[in-house]
Protein chains: 2
Amino acid sequence: MQMTSKFTTAVHILTCIDVFGDEMRVTSDFLSGSTGVNAVIIRNVLAQLRGAGIVNTRQGSGGAHLAKPLNEITLYDIYRAVECVDDEGLFHFHENPNARCPVGKNIHKVMDGRLSAVQAAMENELKNITLAEIVTDTNLKSAHSFYKWRRMK
Amino acid sequence: MQMTSKFTTAVHILTCIDVFGDEMRVTSDFLSGSTGVNAVIIRNVLAQLRGAGIVNTRQGSGGAHLAKPLNEITLYDIYRAVECVDDEGLFHFHENPNARCPVGKNIHKVMDGRLSAVQAAMENELKNITLAEIVTDTNLKSAHSFYKWRRMK
DNA sequence: TAAAGCTGTAATAGTAATCATTACAACTCT
DNA sequence: AGAGTTGTAATGATTACTATTACAGCTTTA
């Protein structure tokens with residue numbers, strides 16, 4: 001089991017918007033080039049991020065922009081925006097436990113609270129990581145390589 | 001994204017083995033009846049649990065048995081046995097970030113440590129839950145309903 | 001020792017999810 | 001008006017999960 005790559009793609013996208021947004025239009029095509037992910041997928045991810053109030057985009061005039069300060073966007077916000085984790089949660093129950101069996105009848109109830117706690121532990125960790133950290137680290141690691149890439153576009 | 005239902009199925013199976021194991025042969029067929037999961041799937045899950053040293057099974061003579069005390073089996077052990085989480089981890093990276101882009105070049109490295117921490121937080125929670133708890137709670141909830149079910153088999 | 005009941009495992013199929021891709025209408029800006 | 005974009009629907013390839021059928025091999029017991 002794994003999260004969709006849309007999650008890391010979304011973080012990548014948002015980092016690009018912040019890093020390059022000052023000087024150029026960050027279009028879905030540009031983001032496709034940086035992530036290696038199809039431009040339509042990028043637009044879909046952007047649509048989900050927009051729905052969550054994380055970015056602004058507009059039809060016609062290209063270019064995505066952050067809708068919030070970097071340090072107010074956590075990885076949890078992005079995860080919620082992009083992964084469909086609403087309904088059932090992280091764990092997927094087998095669907096037809098036998099209600100006539102005392103174990104089958106109760107296993108769901110017995111596990112539910114505990115599994116929610118596990119999920120919450122993961123989500124809390126995600127809440128503690130902001131995009132600001134990601135961007136800062138990325139800038140530190142790549143201080144020297146910006147020039148060329150910008151020229152390419 | 002979600003975990004396979006094999007995980008909750010495995011917990012259900014192990015609970016049954018402990019609860020019913022004293023008085024009857026807990027076969028894949030019996031477990032199929034309790035979980036509502038196909039008997040072949042049950043046998044596959046049992047095979048994985050056996051590989052992890054959690055249960056013993058033998059060809060011919062039916063009936064699975066726990067290979068360890070209840071309080072030495074954590075949900076983490078079961079999760080590791082049953083989900084294939086070894087290689088890439090919980091998060092799935094988009095596979096072709098552009099190495100010529102300073103963001104694409106570094107995003108993986110920047111996120112990796114943080115995502116590992118998130119995964120570890122979840123796994124630590126799983127390590128804190130033992131099968132002993134699950135069985136105890138199940139027994140409490142179903143004290144009155146065992147008789148009938150046993151008679152059915 | 002033969003029959004009955006299990007396990008282990010391979011092969012096949014249905015279903016759902018993910019991602020890529022094509023296509024095109026609607027919008028913005030020059 | 002035309003070029004460049006976004007938003008979105010439709011289609012297809014690939015992969016994962018689960019169910020199911022089939023059968024060889026093992027154990028127990030009658």
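This is a short tutorial chat on reading the protein–protein and protein–DNA surfaces of a predicted model.

Q: Let's start with the two protein chains. How many residues of chain A are in contact with chain B?

A: In this predicted model, 61 residues of chain A touch 61 residues of chain B. The area buried between chain A and chain B comes to about 5500 Å², and carbon and sulfur atoms supply 70% of that.

Q: What about charges: how many salt bridges are there between chain A and chain B?

A: Four salt bridges are counted between chain A and chain B. For one to look up, try A:Arg114 with B:Glu133, where the closest N and O atoms sit 2.9 Å apart. Polar contacts are tallied as well: 14 residue pairs make them across the interface of chain A and chain B, with both residues at pLDDT 80 or more.

Q: Which elements give two or more residues to the side of chain A that touches chain B?

A: Look for five stretches of chain A: helix H1 (6–20), helix H2 (28–35), helix H5 (102–127), helix H6 (131–141) and helix H7 (146–152). H5(A) gives the most, with 16 residues. Sorted by class, that side of chain A has 31 nonpolar, 21 polar and nine charged residues.

Q: Now the rings. How do I read an aromatic pair?

A: Two values describe a pair of aromatic rings: the distance of the centres and the angle of the planes. Over all chains, the count is six aromatic pairs. Take A:Phe7 and B:Phe91: their ring centres are 5.5 Å apart and their planes are at 35 degrees, so this pair is tilted. A:Phe7 is in helix H1 of chain A, while B:Phe91 is in the loop between helix H4 (75–82) and helix H5 (102–127) of chain B, so the pair joins two chains.

Q: On to the DNA. Which residues come nearest to DNA strand D?

A: There are 25 residues around DNA strand D, and the nearest are A:Ser28, B:Thr4, B:Ser5, B:Asn38 and B:Gly60. You'll spot names from both chain A and chain B in that list.

Q: Which part of DNA strand D lies within 4 Å of the protein, sugar or phosphate or bases?

A: Of the strand D atoms within 4 Å of the protein, 63% belong to sugar or phosphate, and the rest belong to bases. For phosphate oxygens of DNA strand D, check three side chains. A polar side-chain atom of B:Ser5 is 2.5 Å from one, an N or O atom in the side chain of A:Ser28 is 2.7 Å from one, and a polar side-chain atom of B:Asn38 is 3.3 Å from one. Helix H3 (39–51) of chain A and helix H3 (39–51) of chain B are the elements that each give two or more residues to this surface. H3(A) has the largest share, four residues.

Q: And which residues are closest to DNA strand C?

A: Among the 25 residues surrounding DNA strand C, the closest are A:Thr4, A:Ser5, A:Asn38, B:Ser28 and B:Thr57. Sugar and phosphate make up 66% of the strand C atoms that come within 4 Å of the protein. Phosphate oxygens of DNA strand C lie 2.5 Å from a side-chain N or O atom of A:Ser5, 2.6 Å from one of B:Ser28 and 2.8 Å from one of B:Thr57. On the strand C surface, H3(B) gives the largest share, four residues.

Q: How many charged residues does the surface near DNA strand C have?

A: Seven, alongside four nonpolar and 14 polar residues. The surface near DNA strand D likewise has four nonpolar, 14 polar and seven charged residues.

Technical notes: Residues are numbered from 1 along each chain as its sequence is written. Chains are lettered from A and ligands numbered from 1 in the order in which they are written. Side-chain values use heavy atoms; hydrogens and water are left out. A residue is near a molecule or strand if one of its heavy atoms lies within 4 Å of it. A polar contact is a pair of N or O atoms within 3.5 Å; within protein, one must be able to donate a hydrogen and the other to accept it, and residues adjacent in sequence count only if both atoms are side-chain atoms. Ala, Val, Leu, Ile, Met, Phe, Trp, Tyr, Cys and Pro count as nonpolar, Asp, Glu, Lys and Arg as charged, and the others, Gly among them, as polar. Contact means heavy atoms within 4.5 Å. Buried area is the accessible area (1.4 Å probe) that two parts lose on being put together, summed over both. A salt bridge is a side-chain nitrogen of Lys or Arg within 4 Å of a carboxyl oxygen of Asp or Glu. Rings of Phe, Tyr and Trp (its six-membered ring) pair if their centres lie within 6.5 Å; planes under 30 degrees apart count as stacked, over 60 as edge-to-face and the rest as tilted.
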